[in-house]
Amino acid sequence: MVVKRNVVASSSCRLLVLSPVKGDLPPMRPGQFVEVKVDVPGVFLRRPISVCNVEGNDLWLLVRRAGKATDALCDMAEGTIFNVVMPLGNGFSIPEPGTRVLLVGGGVGVAPMLYYARKLAETGVDFSILTAAKTKCELMLMDEFEKSGNAVYVATDDGSYGHKGFAASHPVLCENWDLVACCGPLMMMKSIASVCHKSGNRCEVSLENLMACGLGACLCCVESTVDKGNVCVCKDGPVFDINVLKWQD
């Protein structure tokens with residue numbers, strides 16, 4: 001893949017727009033991810049990055065600075081070529097038209113919600129978006145979400161924009177939804193899952209366990225489930241229905 005654009009998304013995140021060196025991108029589903037090889041001394045494992053969007057033959061990746069490897073990704077110049085394995089994992093459900101879906105993204109977890117919103121719009125599903133961050137300046141992709149024409153709700157921890165408080169406390173979660181899809185920090189997802197469990201709203205979450213290989217071989221990303229015991233998030237997920245996770249024990 002070659003870097004076409006490197007755009008500042010927030011103080012700690014960059015949006016990379018990539019294109020294949022040759023050929024076309026493979027079909028991808030919202031919620032799937034890619035494994036990126038980073039040629040930096042001391043970095044031996046690939047880094048998993050959510051598919052943020054697919055536009056034409058361009059792949060969007062939202063990358064948060066979290067260490068040596070992601071710093072290198074965020075600093076990549078236009079024209080840089082690097083290796084990407086894609087697509088990996090299982091994505092979010094695509095409901096039938098007429099259903100109501102709420103997309104919830106916190107922090108860099110907003111990334112898969114953009115492509116999901118685009119796909120839902122194509123199928124005529126009624127959806128709304130709830131995006132959350134610590135403060136207004138850390139909100140990302142707002143312009144892109146607003147282009148969908150659907151309702152966009154916001155929660156910030158400090159109340160600098162939208163609802164003051166965590167995403168799980170936003171009133172929109174009290175409505176009846178056929179599906180709530182969530183990605184973000186673990187505690188946020190567990191809080192959203194708890195609200196949905198009590199209200200009876202179906203909920204899917206995209207886990208962000210450490211996924212070194214992306215193929216289920218290294219066993220770095222094991223998660224305990226109700227029906228299948230320990231599974232690899234990279235291969236059996238990263239998207240799971242909350243009812244198969246042992247979060248409510």
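This report describes a sheet and its helices, the salt bridges and the largest pocket of a predicted model.

## The seven-stranded sheet

The model contains an open sheet of 7 strands, arranged in the order 11-10-9-8-12-13-16, and the pairing within it is mixed. Strand 11 (163–164) and strand 16 (239–241) occupy the edges; each has a single partner strand, so one side of each has no neighbour in the sheet.

Towards the strand 11 edge, the pairing can be followed residue by residue. Strand 9 and strand 10 run parallel and are joined by 5 bridges, with A133 standing opposite T156 of strand 10. Strand 10 (residues 152–156) is in turn parallel to strand 11, and 2 bridges join these two strands. Here A155 has H163 of strand 11 as its bridge partner.

## Helices packed on the sheet

Helix 4 (residues 186–199) packs on this sheet, where it touches strand 8, strand 12 and strand 13 (203–206). The direction of helix 4 makes about 165 degrees with that of strand 12.

Helix 2 (residues 111–123) lies across strand 8 (100–106), strand 9 (126–133) and strand 12 (179–183). Relative to strand 8, helix 2 runs at about 165 degrees. Strand 8 and strand 12 thus appear among the strands associated with helix 2 and also among those touched by helix 4.

## Salt bridges around R65

The structure holds 12 salt bridges. Two of them involve R65: one is formed with D71, with the closest N and O atoms 3.4 Å apart, and another is formed with D75, at 2.5 Å from N to O. The D75 pair links distant parts of the chain, 10 residues apart. D75 belongs to the loop between helix 1 (68–74) and strand 7 (84–88), whereas R65 belongs to the loop between strand 6 (58–64) and helix 1.

As for solvent accessibility, D71 has a relative accessibility of 30% and therefore counts as partly exposed. R65, at 29%, likewise counts as partly exposed.

## The network around R118 and E144

E144 and R118 form a salt bridge whose closest N and O atoms are 2.7 Å apart. Because E144 lies in helix 3 (residues 142–146) and R118 in helix 2, the pair ties together parts that are 26 residues apart in sequence. This pair belongs to a network of salt bridges that links E55, R118, E144 and K147.

The two partners fall into separate accessibility classes. E144 has a relative accessible area of 17% and is buried, the limit for that class being under 20%. R118, with a relative accessible area of 24%, is partly exposed.

## The largest pocket

The largest pocket holds about 1,100 Å³ of space. Its lining comprises 47 residues, and those nearest the pocket centre are R64, V108, G109, G184 and E208.

Several elements contribute to this lining. Strand 4 (47–50), strand 6, helix 1, strand 9 and helix 4 each supply at least two residues. Strand 4 gives the most, with 4 residues. The contributors therefore include strand 9 and helix 4, and strand 9 is also one of the members of the open sheet, while helix 4 packs on that sheet.

How values were computed. Residues are numbered from 1 along each chain as its sequence is written. This is a predicted model: local features need pLDDT of at least 70, side-chain atom pairs count only at pLDDT 80 or more; totals for chains, interfaces and linings use all residues. Side-chain values use heavy atoms; hydrogens and water are left out. Two strands pair if DSSP finds at least two bridges between them. Contact means heavy atoms within 4.5 Å. Axes are lines fitted to C-alpha atoms, for helices over the stretch in contact, and angles run from 0 to 180 degrees between N-to-C directions. A salt bridge is a side-chain nitrogen of Lys or Arg within 4 Å of a carboxyl oxygen of Asp or Glu. Buried means under 20% relative accessible area, exposed over 50%, partly exposed in between (1.4 Å probe, protein chains only). On a 1 Å grid over the protein atoms alone, a cavity is a set of points where a 1.4 Å probe fits but cannot get out, and a pocket is an open set with protein on both sides within 12 Å along at least five of seven lines; lining residues have an atom within 4 Å of a point. Grid points are joined across faces, edges and corners, and a volume is the space filled by probe spheres set on the points.
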